[in-house]
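Subject: Structure handover

Hello,

Here is the structure for you to take over. My notes on what was found follow below it.

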Amino acid sequence: MNEKTKRFVRSKFHEYYNTAEIEIPSELWMRELGFVHFDPSYPAKLVMRRHKSFATEGELVKYLRENAPAHAYHSAAVYKYPAADMAKKDWIGADLIFDLDADHVVDETELQKYSYEDLLVLVKKETEKLIDFMLDDFGFHEDDIELVFSGSRGYHIHIQKKEVRMLGSRERREIVDYITATGLDMNSFLTVSGKADSADLRFKPEGWGKLLFKGLIEFLHEIAAMEEEDAIKRVRSAGVQERKKAEELIRITKDKTVMERIERGEIPQFAKSIKWDEIAKAVTNAVRVKSGDRPDEPVTADIKRLIRLPTSLHGKSSLNVKPLKLDTFEDFDPLEDAVVFGDSPVEIRMVRGSAIKMKGERYKLEEGEVASLPECVALYFMCRGAAECV
Amino acid sequence: MQINMIERRTEPQHLCIYPFLTAASEYVDAAGIMLDDLISAVSFKRARLRGKARVIEALEEATIRKPVIINPAQADMELSSYPFARILVSCIGDNYLIRRYALAEAKAAHERLSEDTSLDIIYEMSEEFGIQLDFSPYAQNQVLVAFYDYLRFTTNIRDKRWRLVNRSLERGKVKLSKTEFVRVLQEAMYERIKQDLPLKVPKEICKTIRDYTDDIKRELEETRKKLGDVGFESLVKDPDSFPPCIKAILGNLKAGVNVTHGARFAVTAFLLNIGLTEDEVIAIYKNSPDFDEERTRYQVEHIAGDKSGVPYTAPSCATMRTYGNCTGSDDICEKVTHPLTYYKRKLKDKDMKEKREKP
């Protein structure tokens, strides 16, 4: 991003902040804020200006209007002294935050294979699963959940309920483990009924037990409908390697009486030798939230992290960090609904080839191409570092 | 069924079983027992002896015997022995002693709580520890606990069946059997007892009661000796016996090679677990190309559990493998599943070898 482009982008961000209605974080005065400015080193080196605090809404709005930052963040935590050094802040509590980003959902090496639009679709699916967990399992009310488009490749969920504010890192890690099925042990959801040796197993249809059970039934039906060889392949891919065991399982799926019993939640004694826990592992994959968090980089469990300020702009995309409603989430299209800039033509020169579908229109440009594009598309390419002002 | 106000039981016999209850400290306050008297008055000698006995029992038997209370004077003595025991362990200020003492008190209370079949005590304890509790409409012996209350007291329990992911969680409530809930209460009691320990006791007071603390210190040494090859607390720091994975990471740090976050976590937790101080661990990072003392201190303190109160345990061999941090595996590695076990085992082998060599 050359100086001219940077000036242009910054002036556009200014325009946005001059009129935008900023959503002020609750208890603003107890939060730490952080910003990255369009300063001389941007974007080669991102200088995070941390430990800022604002006593009033007006002060924050004024700061945004004066500086038009490239990135704006607030702390998930509330502190007694939000502007002090980390060690002296005096932590009071923190919102429960989930950060679902494409690079958590898709393996790093695979990331290149997907288009931006495809990634957004994938992350949305994971976000929907996470919301279901929050509502059904964790019992949060729809109003407790604040859903925000990250402005880039993901979604953030903020939960501010006072009961979760005091949870420490380890407690939060347990919540992440729950939604990602980390450490799940199917035996916790099986009870033994009858005499020890000849006992049948029963599924407890609660918590993950319910999800495992549902997944298992779907899996068995899927197998039943397959040709023998395909079915064996499928069972093997689920972790049951021995052919004999696989065949036994397939026989079970075709036995009506046994299937009826299984659907009632009973695993007959004779079927116990099948590696149910392997199959359970396979079925959780469809249900669990895929790595909403990476174990080596605590995100949700980090009770002092910063999260993007809702309604601010994302400097690497020019898109709005947009608060969303749960009931209209299904229809939300970031490349339509999170676009804040208009359509007046801007002339740009591509420094590398790039493509995007924005506001329903597809733009694909080659390196070196000079083009006149709608302002919103031009800004997107500039922020991505794919284009410069002419 | 939502439980609202429960009448608190305040009779001394009850409080003697659970001396950490708010009502118990109120009782001691209301009885007008002054700190000076507790420390030195002749009339409190029996309370002081009983206080010392509490700590000694914690060391010797890992639990605390609960006497049968027959008269009010005995109850007063028993109740005031609890704050005195807290003063004793605070004057000694040894972390191992504090943990062991708190655990013994909690265990003793847990034993009595398990014997009590009434639901009243369940209500009372839930109220005391601010746990939101419902009874299952379907089963008499089951309780429903809000997940955030459940998490508050169970992250320290190691067994995988206590992990939230393996629990019946529905609409924010964790379903527990009554026995399981009493186990959760034991954790709550442990936290309560450990809270604020060590107390800030003025030096003069510690001096006055030195006869008592000296006896305990002797007992503590005895216990330590017996535990010598079991606990990590008394392990020597012998870098030669570190497992190859930890040695490799330390070697990289020393050479100023940048080390991944996961590897840093592993080595930090490992060193803290075997008893290095936070400062000693921070010093190891000084060669790191991106060394930032404040940041490092913050992270080391986090792993040491300064904020949460719970230190992290170093990752197991399986986790080390997952993140590509398992290197140079040797024959001891084959026999263990945790870097800390490796270290313990190697130290023991070395010790035995030395003993054999010098008869």
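**A:D137 and its surroundings**

A:D137 is found in helix α4 of chain A, which covers residues 116–137. Please keep in mind that this is a predicted model. The aspartate A:D137 is buried but forms no salt bridge. Its nearest side chain of opposite charge is A:K210, at 6.0 Å, whereas a salt bridge needs the nitrogen within 4 Å of a carboxyl oxygen. Neighbours within four places in sequence aside, A:D137 is in contact with A:D132, A:Y178 and A:G207 in chain A, and with B:L169, B:E170, B:R171 and B:G172 in chain B.

**The strands of chain B**

Some of those contacts lead to a hairpin. Strand β3 of chain B (residues 169–170) pairs with β4(B) in the antiparallel sense, over two bridges. In this pairing B:L169 stands opposite B:V174. Two residues lie between the strands of the hairpin, and B:R171 takes a positive phi near 50° there. B:R171 is also one of the residues in contact with A:D137.

Strand β4(B) has a second partner: strand β2 of chain B (residues 142–146) pairs with β4(B) in the antiparallel sense over five bridges. Here B:V145 is the residue opposite B:V174.

Which side chains of β4(B) are buried, and which are not? In a regular strand the side chains alternate between the two faces of the sheet. Strand β4 of chain B (residues 173–177) shows this alternation: B:V174 and B:L176 point to one face and are buried. B:K173, B:K175 and B:S177 point to the other face and are not buried.

On the domain level, chain B is divided into domain 1 (12–216) and domain 2 (232–357). The C-alpha centres of these two domains of chain B lie 34 Å apart.

**Aromatic pairs**

Over all chains, the structure holds 29 aromatic pairs. One of them joins A:F38 and A:Y42: the ring centres are 5.1 Å apart and the planes stand at 75°, so the pair is edge-to-face. The cut-off for that class is an angle over 60 degrees. A:F38 has a relative accessibility of 8% and counts as buried. A:Y42 is buried too, with a relative accessible area of 4%.

B:F265 and B:Y312 form another edge-to-face pair, with 5.5 Å from centre to centre and 85° between the planes. This pair links distant parts of the chain, 47 residues apart: B:F265 is in helix α13 (residues 261–273) of chain B, and B:Y312 is in the loop between α15 (293–304) and α16 (317–322) of chain B. B:F265 is partly exposed, with a relative accessible area of 26%. B:Y312, at 21% relative accessibility, also counts as partly exposed because the limit for buried is under 20%.

There is also a cluster linked by ring pairs, made up of A:F133, A:F138, A:F140, A:Y178, A:W208, B:F147 and B:Y148. A:Y178 in this cluster is among the contacts of A:D137 as well.

**Salt bridges**

How many salt bridges does the structure hold over all chains? The count is 43.

In helix α4 of chain A, A:K129 and A:E126 lie three residues apart, about one turn of the helix. Their side chains meet in a salt bridge, at 3.2 Å from N to O. Both partners are buried: A:K129 has a relative accessible area of 14%, and A:E126 has one of 3%.

A:E366 and A:K364 form a salt bridge in which the closest N and O atoms are 3.7 Å apart. A:E366 is partly exposed at 46% relative accessibility, and A:K364 is exposed with a relative accessible area of 60%.

In chain B, the side chains of B:E180 and B:R161 meet in a salt bridge of 3.5 Å, N to O. B:E180 lies in helix α9 (residues 178–194) and B:R161 in the loop between α8 (147–154) and β3 of chain B, so the pair ties together parts that are 19 residues apart in sequence. B:E180 is buried, with a relative accessible area of 17%, while B:R161 is partly exposed, with 41%. Elsewhere in the list of bridges, B:R50, B:R54, B:E57, B:E61, B:R65, B:E78 and B:E105 are joined into one network by salt bridges that share partners.

Regards

Note on methods:
Residues are numbered from 1 along each chain as its sequence is written. Chains are lettered from A and ligands numbered from 1 in the order in which they are written. This is a predicted model: local features need pLDDT of at least 70, side-chain atom pairs count only at pLDDT 80 or more; totals for chains, interfaces and linings use all residues. Side-chain values use heavy atoms; hydrogens and water are left out. Buried means under 20% relative accessible area, exposed over 50%, partly exposed in between (1.4 Å probe, protein chains only). Helices (H or I, at least four residues) and strands (E, at least two) are DSSP runs, numbered from the N terminus. Two strands pair if DSSP finds at least two bridges between them. Lys and Arg count as positive and Asp and Glu as negative; His and the chain ends are not counted. Contact means heavy atoms within 4.5 Å. Domain bounds come from an automatic or database domain assignment. Rings of Phe, Tyr and Trp (its six-membered ring) pair if their centres lie within 6.5 Å; planes under 30 degrees apart count as stacked, over 60 as edge-to-face and the rest as tilted.
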